[in-house]
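User: Please take a close look at one part of this model. I want the contacts residue by residue, with cut-offs.

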Amino acid sequence: LLCAGGGGAPTRTEATLKLLSNLLSVGLLAMPRAMAHAGLLTGLALMAMLAAANRYTLLMVLELSETQLEESSYPEIGRHVFGQQGLLAVLAAYLLFTGGVLSAYLIALVDILRQFP
C-alpha cells in the first residue's frame with residue numbers, strides 16, 4: 001500500500017512510513033493497559049526516559065551513517081561497528097521485531113473476532 005515502486009527497494013519516505021505504521025499501531029493498542037499497570041506518574045516518567053533514549057540513539061545512528069558509511073542501513077551500521085557479529089545481531093533483531101509485530105496483530109485479530117457470535 002505504501003510502496004509506490006514496482007517491486008524495487010522502497011524509498012526513505014516509504015520505509016519511514018512503514019516503520020511508523022508498524023511501531024505506532026501496536027504501541028497505541030497496548031498503551032492504555034501499560035499505563036494502567038504502571039500508574040500515571042511512573043508511566044509518564046518511563047515514556048519520557050524512553051523518548052529521550054530513543055532520540056539520543058537515533059541521532060547517533062544518523063551521525064554515524066552520514067559521516068562514515070557509504071550505505072546507511074542498520075545492517076551496514078551493525079557490521080561497521082561490531083563486525084560480522086553486529087550484522088547477525090541486527091538481522092536477529094529484525095526477525096524478533098517482525099515476529100513480535102505479527103504476534104501482536106494476531107492476538108488483536110483473535111480478540112476482535114471473539115466479539116462476533
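Analyst: Tyr-74, Pro-75, Gly-78, Arg-79 and Phe-82 of α3 touch α4 through Gln-84, Gln-85, Gly-86, Leu-87, Val-90, Leu-91 and Tyr-94 (contact: heavy atoms within 4.5 Å; helices: DSSP runs of H or I, at least four residues, numbered from the N terminus). The model is predicted: local features need pLDDT of at least 70, side-chain atom pairs need 80 or more, and totals for chains, interfaces and linings use all residues. Numbering starts from 1 along each chain as its sequence is written, and side-chain values use heavy atoms, without hydrogens or water.

By class, the contact of α3 with α4 holds seven nonpolar, four polar and one charged residues (nonpolar: Ala, Val, Leu, Ile, Met, Phe, Trp, Tyr, Cys, Pro; charged: Asp, Glu, Lys, Arg; polar: the others, including Gly). The axes of α3 and α4 come within 6 Å. They cross at roughly 145 degrees (lines fitted to C-alpha atoms over the stretch in contact; angles from 0 to 180 degrees between N-to-C directions).

Now the other side of the story. α2 packs on α3 at about 80 degrees, with the axes 11 Å apart. So α2 is roughly perpendicular to α3 (65 to 115 degrees). From α2 come Val-61, Leu-64 and Ser-65. They meet Tyr-74, Ile-77, His-80 and Val-81 of α3. Five residues of this contact are nonpolar, two are polar and none is charged.

Next, the largest pocket. Leu-19, Leu-58, Val-61, Tyr-74 and Tyr-94 lie nearest its centre. Val-61 and Tyr-74 also belong to the α2–α3 contact. Tyr-74 and Tyr-94 also belong to the α3–α4 contact. In total, 35 residues line the largest pocket. α1 (12–38), α2 (40–67), α3 (74–82) and α4 (84–114) each supply at least two of them. α2 gives the most, twelve. The lining has 22 nonpolar, ten polar and three charged residues.

Technical notes. On a 1 Å grid over the protein atoms alone, a cavity is a set of points where a 1.4 Å probe fits but cannot get out, and a pocket is an open set with protein on both sides within 12 Å along at least five of seven lines; lining residues have an atom within 4 Å of a point. Helices (H or I, at least four residues) and strands (E, at least two) are DSSP runs, numbered from the N terminus. Angles under 35 degrees count as roughly parallel, over 145 as roughly antiparallel, 65 to 115 as roughly perpendicular and the rest as oblique.
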